[in-house]
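Subject: Structure handover

Hello,

Here is the structure I promised to pass on. Please open it first, then read my notes below.

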Amino acid sequence: ELGRQRSVIELDTPSMTAEQIEALERSVNEKIRERVPVMVRELAADDPEIETVRSRGLPDDHVGPVRVVDIEGIDSNMCCGTHVSNLSDLQVIKLLGTEKGKKNKTNLVFLAGNRVLKSIEQSYNTEKALTSLLKNGPGEHIEAVKRLQSSVKLLQKNNLNLLRDIAVLIARDFKSKPVQSELFVLHRKEGDSEFMNIIANEIGTEETLLFLTVGDEKEAGLFLLAGPVEAVENLGPRVAELLGGKGAGKRGRFQGKATKMSRRGEVQALLQEFISHRSPEA
């Protein structure tokens with residue numbers, strides 16, 4: 001396959017070692033430097049010499065002469081495609097590695113000619129950009145990225161612990177009030193599903209209806225509706241619809257993704273109306 005960015009050849013082997021790939025690349029480039037000529041000839045379909053040419057076989061509907069491409073001293077193959085007249089025209093071949101192919105075969109990925117030069121240019125530009133960002137030389141890029149990854153993991157862990165603590169404090173603050181509302185609504189840009197569920201667990205959902213959301217107020221995010229089972233079963237799908245999202249739930253919890261967080265006010269109005277109609281005073 002001669003793709004737009006890279007080329008692939010299917011090999012009849014389940015795998016290749018790094019040593020095999022290196023040896024093959026070295027051998028191919030030696031032939032390019034040797035300027036091995038490539039010749040095209042046509043043989044009659046009944047010519048006995050066709051039997052000596054490597055081929056998958058001719059199509060049943062083939063008519064006319066058979067085109068054979070000879071790479072001197074290397075290969076003789078039937079082919080109707082375009083070929084260079086000398087291997088030196090290829091300039092260079094770079095084998096990038098292998099991918100798993102179909103039916104226990106291996107796809108060998110490679111670049112040729114100007115694509116090799118373009119790839120080097122792209123790699124060099126990337127290297128320069130990383131040198132500027134990481135403030136060190138190319139030989140230290142990998143270690144620098146590893147240190148950054150470790151720092152990010154630590155920050156994420158600390159952030160998660162802080163969010164858990166905040167969730168507990170929010171719930172305790174609500175429960176400490178002398179008169180607790182039947183509806184609890186909270187939105188926080190930073191947070192996740194666990195953050196919302198901690199609040200729901202701490203407050204309790206036997207009597208209180210909770211509508212919690214996290215994410216960008218004007219874009220997409222997550223939502224959780226928690227409370228009495230019957231109320232949540234009735235309101236959950238309607239809440240998801242208003243928020244332009246999808247969700248699922250059980251045992252008094254309905255949660256999912258929302259694409260229209262800006263409509264949270266409409267959801268709150270829906271929940272407030274539901275509560276006002278179920279209260280004894282109403």
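Which residue in strand 6 is the bridge partner of T98? It is L108. Keep in mind that this is a predicted model.

**The three-stranded sheet**

T98 sits in strand 5, which covers residues 93–100. Strand 6 covers 106–112. The two strands run antiparallel and are joined by seven bridges. G97 is placed opposite V109 of strand 6. Together, strand 5 and strand 6 make a hairpin, with five residues between them. In the turn, K103 has a positive phi of about 50 degrees.

The hairpin belongs to an open sheet of three strands. The order is 1-6-5, and the pairing is antiparallel. Strand 1 and strand 5 are at the edges. Each has a single partner strand, so one side of each lacks a neighbour in the sheet. From one strand to the next, the twist averages 30 degrees.

Two helices go with this sheet. Helix 1 packs on the sheet and touches strand 5 and strand 6. Its direction makes about 145 degrees with that of strand 5. Helix 2, residues 114–134, lies across strand 1, strand 5 and strand 6. Helix 2 runs at about 85 degrees to strand 6.

**The five-stranded sheet**

Further along the chain there is an open sheet of five strands. Its order is 7-8-9-11-10, and its pairing is mixed. Which strands stand at the edges? Strand 7 (183–188) and strand 10 (246–250) do. Each has a single partner strand, so one side of each is left without a neighbour in the sheet. Neighbouring strands are turned by 10 degrees against each other on average, direction ignored.

Strand 10 pairs with strand 11, residues 253–258, in the antiparallel sense. Five bridges make up that pairing. K246 stands opposite K257 of strand 11. Helix 5, residues 229–242, lies across strand 8, strand 9, strand 10 and strand 11. It runs at about 160 degrees to strand 9.

**The pockets**

How much space lies in the largest pocket? About 1,900 Å³. Its lining has 40 residues. Nearest its centre are I9, I71, D75, H83 and F110. By class, the lining holds 22 nonpolar, eight polar and 10 charged residues.

Elements of the three-stranded sheet return here. Strand 1 (7–11), strand 5 and strand 6 each supply at least two lining residues. So do helix 1 (18–33), strand 3 (66–71) and strand 4 (75–78).

The second largest pocket has about 230 Å³ of space. Its lining residues include S55, H62, P65, V66, R67 and M78. C79 and C80 are also in the lining. That lining counts seven nonpolar, three polar and one charged residues.

**The UniProt record**

An unreviewed UniProt entry places one feature at residues 66–109: "domain: Threonyl/alanyl tRNA synthetase SAD". In the model, the end C-alpha atoms of that span lie 29 Å apart. The span is 50% strand and 0% helix.

For a first look, start with T98 and L108. Then go to the residues nearest the centre of the largest pocket, I71 and D75 among them.

Best wishes

Technical notes
Residues numbered from 1 in each chain as written. Predicted model: local features only at pLDDT ≥ 70, side-chain atom pairs only at ≥ 80, totals over all residues. Heavy atoms only, no water. UniProt positions renumbered as here; feature names shortened; annotations may be inferred. Helix = DSSP H or I, 4+ residues; strand = E, 2+ residues; numbered from the N terminus. 1 Å grid on protein atoms, 1.4 Å probe; cavity = no way out; pocket = protein on both sides within 12 Å on 5 of 7 lines; lining within 4 Å. Points joined across faces, edges and corners; volume = space filled by probe spheres on them. Nonpolar A, V, L, I, M, F, W, Y, C, P; charged D, E, K, R; others polar. Pairing = 2+ DSSP bridges. Axes fitted to C-alpha atoms, helices over the stretch in contact; angles between N-to-C directions. Contact = heavy atoms within 4.5 Å.
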